[in-house]
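Thanks for asking me to look over this one. Here are my notes, set out as numbered points you can check against the coordinates.

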Amino acid sequence: MKRFLVKIFLFLLPVAALAVFLEYSQRSMPNELRYKAQFMRRHADELELVVLGPSYTHRLNLNYIGCKAFNLSYMNQPAERNYQLWSHYRHRLPRLKYVVYSLSYWFHQNTVDGLEAWREPFYNIHYSLPVSGLNLSARFIVANPKIVTKMDWGALLRRHTADERPSCDSLGSTPANGRDRDWATKSAEFMARRHADIDPRNALHNRRMLEKVIAECEEDGVKVLLVTPPTWHTYYELLPPEVIAMTEELGREMAATHGNVTYINLKGDERFTEEDFTDCTHLNYDHGGRKMATILRDYIIGGHAPEENEARNAIN
């Protein structure tokens with residue numbers, strides 16, 4: 001029996017060593033969430049504006065926002081994760097005046113156990129978000145099988161150092177500009193179909209998460225710019241009218257019931273043209289991201305809604 005246990009130990013030892021090596025290497029690998037967490041530890045007390053949401057505000061060019069700002073949005077980042085990040089940093093933001101919050105047409109369905117569930121350990125590791133002690137897949141990278149298949153082995157082999165910054169700019173936004181030749185049509189039907197599939201339970205949960213952010217911002221004297229970001233017409237023309245109405249009614253309701261909320265609806269805004277998009281649902285960084293930032297800046301600096309949107313009743 002003793003010999004058998006020794007053999008098991010000798011067999012498991014290299015497996016455990018490999019697991020420890022992979023866990024350490026992936027934790028120390030430069031990535032966007034790690035960079036953002038490090039930035040917030042160093043500069044949260046200087047910020048006047050933070051951005052929350054999924055990829056629709058991920059390419060917002062904050063160099064043109066007009067105040068000290070940082071982008072905490074990320075690919076497919078749902079309402080619950082936005083609230084967790086807000087709650088985590090809320091009392092470390094003494095100078096905060098504005099929160100920009102993305103209210104996209106996918107807001108209602110996007111959940112933490114959805115497309116990007118495999119990223120959960122990275123949020124917990126880098127941001128130190130609370131997690132159940134029994135949930136090993138949320139604590140350890142190697143305990144999540146989906147991550148192993150998505151690891152950046154090339155970066156590991158190139159021995160990237162922890163001091164390198166990942167593919168976001170210094171203010172946390174992604175400087176993406178390229179696009180496919182058929183950018184306006186390639187994914188429009190697919191994305192519209194995905195975003196039309198709404199589970200009422202998810203929609204209610206995400207609404208409650210948004211309301212918690214807004215209510216706590218109101219307590220702290222922080223204004224919320226609730227933004228339905230611009231998308232290309234080939235996408236929103238395929239969305240069911242009820243999804244569009246549901247989203248925009250939520251924005252207007254939040255603005256009507258909370259004095260710290262301004263709803264900015266950029267759907268169909270004529271200021272955004274073809275050169276502003278990388279695909280049918282995302283702005284690019286140099287043109288669209290810069291333009292959207294200047295629109296928000298006009299409100300922040302002027303303290304009133306941009307004239308174009310007032311005429312369309314897009315801002316309340």
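The points below go from the whole chain to its strands, its cores and a few single residues.

1. First, a reminder on what you have open: this is a predicted model. The chain has 316 residues, and 53% of them count as buried. Its secondary structure consists of 13 helices and five strands.

2. Two overall values may be handy for your own calculations. The accessible surface of the chain is about 15,700 Å², with 53% of that belonging to carbon and sulfur atoms. If you take the contacts between residues at least 6 apart in sequence, 76% of them join residues at least 24 apart.

3. Now to the strands, beginning with strand 1, residues 49-52. Strand 1 pairs with strand 2 (residues 69-71) in the parallel sense over three bridges, and with strand 3 (residues 98-102), again parallel, over four bridges. Val-51 is a good residue to click on here: its bridge partner in strand 2 is Asn-71, while in strand 3 its partner is Val-100.

4. Are the two faces of strand 1 covered or open? Both are covered. In a regular strand, side chains alternate between the two faces of the sheet. Here Leu-49 and Val-51 lie on one side, Val-50 and Leu-52 lie on the other, and all of these are buried.

5. Continuing from strand 3, the next pairing is with strand 4, parallel and over five bridges. Tyr-98, for example, has Lys-223 as its bridge partner in strand 4. Strand 4 in turn runs parallel to strand 5 (residues 261-265), and five bridges join them. In that pairing, Val-224 is matched with Val-261 of strand 5.

6. Why can strand 4 be called largely enclosed by the rest of the structure? Strand 4 covers residues 223-228, and five of its six residues are buried, so the strand is largely enclosed.

7. On the nonpolar cores: the largest has 42 residues, and those with the most contacts inside it are Met-40, Trp-86, Leu-93, Val-99, Tyr-101 and Tyr-127. Another core, of 38 residues, lies apart from it and includes Leu-171, Ala-184, Val-243 and Phe-277.

8. Tyr-101 deserves a look of its own. Leaving out residues up to four places away in sequence, Tyr-101 touches Leu-52, Ala-79, Asn-82, Phe-107, Leu-210 and Val-213, as well as Val-224, Leu-225, Leu-226 and Val-227.

9. Ser-102 also sits in strand 3. Its relative accessibility is 2%, so Ser-102 counts as buried. Beyond its neighbours within four places in sequence, Ser-102 is in contact with Leu-52, Gly-53, Pro-54, Tyr-56, Thr-57, Phe-107, Val-227 and Pro-229.

10. Next, His-88, which lies in helix 3 (residues 79-89). Is His-88 buried or exposed? With a relative accessible area of 19%, set against a cut-off of under 20% for buried, His-88 is buried. You may want to keep that cut-off in mind when you sort residues into classes.

11. What does His-88 touch outside its own stretch of sequence? Not counting residues up to four places away, the contacts are Tyr-127, Ser-128 and Leu-129. The His-88 side chain reaches the backbone oxygen of Tyr-127 at 2.7 Å. The C-alpha atoms of His-88 and Leu-129 are separated by 7.2 Å, although these residues are 41 apart along the chain.

12. For anyone checking backbone angles, please note two residues. Most residues other than glycine have a negative phi. Asn-76, which is not a glycine, has a positive phi of about 55°, and Ser-128, also not a glycine, has a positive phi of about 60°.

13. The settings of these two can be compared. Asn-76 is placed in the loop between strand 2 and helix 3, and is buried, with a relative accessible area of 14%. Ser-128 is in the loop between helix 4 (120-127) and helix 5 (136-139), and is exposed, with a relative accessible area of 52%.

14. Last, the cysteines. How many disulfides are there? The count comes to zero. Cys-168 counts as buried at 4% relative accessibility, and Cys-280 counts as buried at 0%.

Definitions and conventions. Residues numbered from 1 in each chain as written. Predicted model: local features only at pLDDT ≥ 70, side-chain atom pairs only at ≥ 80, totals over all residues. Heavy atoms only, no water. Buried < 20%, exposed > 50% of the residue type's maximum accessible area, 1.4 Å probe, protein only. Contact = heavy atoms within 4.5 Å. Polar contact = N/O pair within 3.5 Å; in protein donor to acceptor, adjacent residues only side chain to side chain. Areas by Shrake-Rupley, 256 points an atom, 1.4 Å probe, with all protein chains shown as cover. Core = buried A, V, L, I, M, F, W, Y, C linked by side-chain atoms within 4.5 Å. Pairing = 2+ DSSP bridges. Disulfide = S-S within 2.5 Å.
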